[in-house]
Amino acid sequence: MSYEDEIKFRVGAEKEAAKILDELRVGGVNISQLAREGFEEKLREALSDDDRIRIYEMYDHGEIDEEVAHVFLGDDLDRMKEDIAEFEDVEEEDTSKHLAG
Amino acid sequence: MSVLVDTDALIAVANTSLWDDVRRVEMVTTNVCKKELERHAEGRDDYLHEGAEAVLDEIGNEDGNIEVVTSVPRPHGKDAGETSIAQEVAQSDDYGTVAMMDAEGREIVRRRSDDVSVYSPVYILYILLDNDIVSREEFCECCAEMLRNEGWTGYMAVKSAWKGIPIDCSDVIDEDLYFS
């Protein structure tokens, strides 16, 4: 997906509000960027725990791209990678050292 | 060698059916986490209440395996427990292994020290599996309990272990278990 792709939605007063903000600021504001970031934030907020799990499972099965999974899961997707990497070395460890004598 | 464990990770393992076996693992936590446990033990949330009480009983048991260290300076605020764990790791070389429930907490601790392994609490269950104290089936069932109890946080904790170790629990638990 590129920034050439568009999502269109109906607006009323929001359009006027965006225009006013653009005029208030020297150099204007990048409404597209603002909308993109706001949309991403709201998409994440709208997710339930079950949604998040389903999305990760889809990503894990190669059904959705990492870029898309990242829109939904953000930093947690990166944290998941670090957590997996940590467990990858676990078999080399002598875990018996953690047991009480 | 003790595993340094935070409040929510202790509650997570205490609420599983393998708690009796988990008590054989040498663990250490901070006075700040202990304070959080005491607060949860007085609260109304059954899950937090019961888990915290079980952990506090073990801390109070003189034959028990959970030690409490004092954090200086004492962190305050919502994430005080996690902060105290990060601080311990940064201040001392005594800790080689940390178990924390929250993925962001694990990320913070990893950034504070390169010399420490930071896991989800599934690591504590893995110690039991690796030393033949529990079977693969029991380990998998216990992971399923954590999935049911802890939502997305539990999923991250369990899934990362299953993928990393790796271990296949698909014959033991139903995939529907992911969803509440």
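In the predicted model, the side chains of B:Arg110 and A:Asp83 meet in a salt bridge, with an N to O distance of 2.7 Å. The pair crosses between chains, running from helix H6 of chain B, which holds B:Arg110, to helix H5 of chain A, which holds A:Asp83. Both partners are buried. B:Arg110 has a relative accessible area of 14%. For A:Asp83 the relative accessibility is 2%. Because buried means under 20% relative accessible area, B:Arg110 falls in this class at 14%, and A:Asp83 does so at 2%. B:Arg110 also has a second acidic partner, A:Glu86. Here the closest N and O atoms are 2.8 Å apart. B:Arg110 thus forms salt bridges with A:Asp83 and with A:Glu86.

These pairs belong to the interface of chain B and chain A. Across this interface there are eight salt bridges. Over all chains, the structure holds 23. Polar contacts between chain B and chain A link 21 residue pairs, counted where both residues have pLDDT 80 or more. Several elements of chain B build its side of the interface. Helix H6, strand S5 (117-119), helix H7 (122-130) and helix H8 (136-164) each supply at least two residues. H8 of chain B gives the most, with ten residues. By residue class, the side of chain B that touches chain A divides into 20 nonpolar, ten polar and ten charged residues.

The extent of this interface can be stated in residues and in area. In residues, 40 from chain B are in contact with 27 from chain A. The size of an interface is often given as the accessible area lost when the parts come together. Between chain B and chain A, the buried area is about 3,400 Å². Carbon and sulfur atoms give 55% of that area.

Salt bridges also occur within single chains. In chain A, A:Asp75 forms a salt bridge with A:Arg79, the closest N and O atoms being 3.9 Å apart. Both residues lie in helix H5 (residues 75-88) of chain A. They are four residues apart, about one turn of the helix. The two ends of this pair differ in exposure class. A:Asp75 is partly exposed, with a relative accessible area of 45%. A:Arg79 counts as buried, at 10% relative accessibility.

In chain B, the side chains of B:Lys34 and B:Glu38 meet in a salt bridge, at 3.9 Å from N to O. These two residues are four apart in helix H3 (residues 31-42) of chain B, so about one helical turn separates them. B:Lys34 counts as partly exposed, at 28% relative accessibility. B:Glu38 is likewise partly exposed, at 28%. Elsewhere, salt bridges that share partners form a network. The network joins A:Asp75, A:Asp76, A:Arg79, B:Glu107 and B:Arg111. Its members thus come from chain A and from chain B.

Within chain B, the domain assignment gives domain 1 (3-122) and domain 2 (134-177). Their centres, taken over C-alpha atoms, are 21 Å apart. The contact takes 15 residues from domain 1 and 15 residues from domain 2. About 1,200 Å² is buried between the two domains of chain B, and carbon and sulfur atoms give 70% of this area. Three residues stand out on the domain 1 side. B:Leu18, B:Met101 and B:Val122 supply 46% of the area that domain 1 buries against domain 2, more than any other three residues.

Across the interface of domain 1 and domain 2 of chain B there are zero salt bridges. Three residue pairs are in polar contact between these domains, with both residues at pLDDT 80 or more. Helix H1 (7-14) and helix H6 (103-112) of chain B each supply at least two residues of the domain 1 side. Helix H6 is also among the elements that supply the side of chain B touching chain A. The residues on the domain 1 side divide into eight nonpolar, four polar and three charged.

Helix H8 of chain B also contains B:Glu141. B:Glu141 counts as partly exposed, at 38% relative accessibility. The C-alpha atoms of B:Glu141 and B:Val172 are separated by 7.0 Å. Along the chain, these residues are 31 residues apart.

Terms used
Residues are numbered from 1 along each chain as its sequence is written. Chains are lettered from A and ligands numbered from 1 in the order in which they are written. Side-chain values use heavy atoms; hydrogens and water are left out. Domain bounds come from an automatic or database domain assignment. Contact means heavy atoms within 4.5 Å. Buried area is the accessible area (1.4 Å probe) that two parts lose on being put together, summed over both. A salt bridge is a side-chain nitrogen of Lys or Arg within 4 Å of a carboxyl oxygen of Asp or Glu. A polar contact is a pair of N or O atoms within 3.5 Å; within protein, one must be able to donate a hydrogen and the other to accept it, and residues adjacent in sequence count only if both atoms are side-chain atoms. Ala, Val, Leu, Ile, Met, Phe, Trp, Tyr, Cys and Pro count as nonpolar, Asp, Glu, Lys and Arg as charged, and the others, Gly among them, as polar. Buried means under 20% relative accessible area, exposed over 50%, partly exposed in between (1.4 Å probe, protein chains only).
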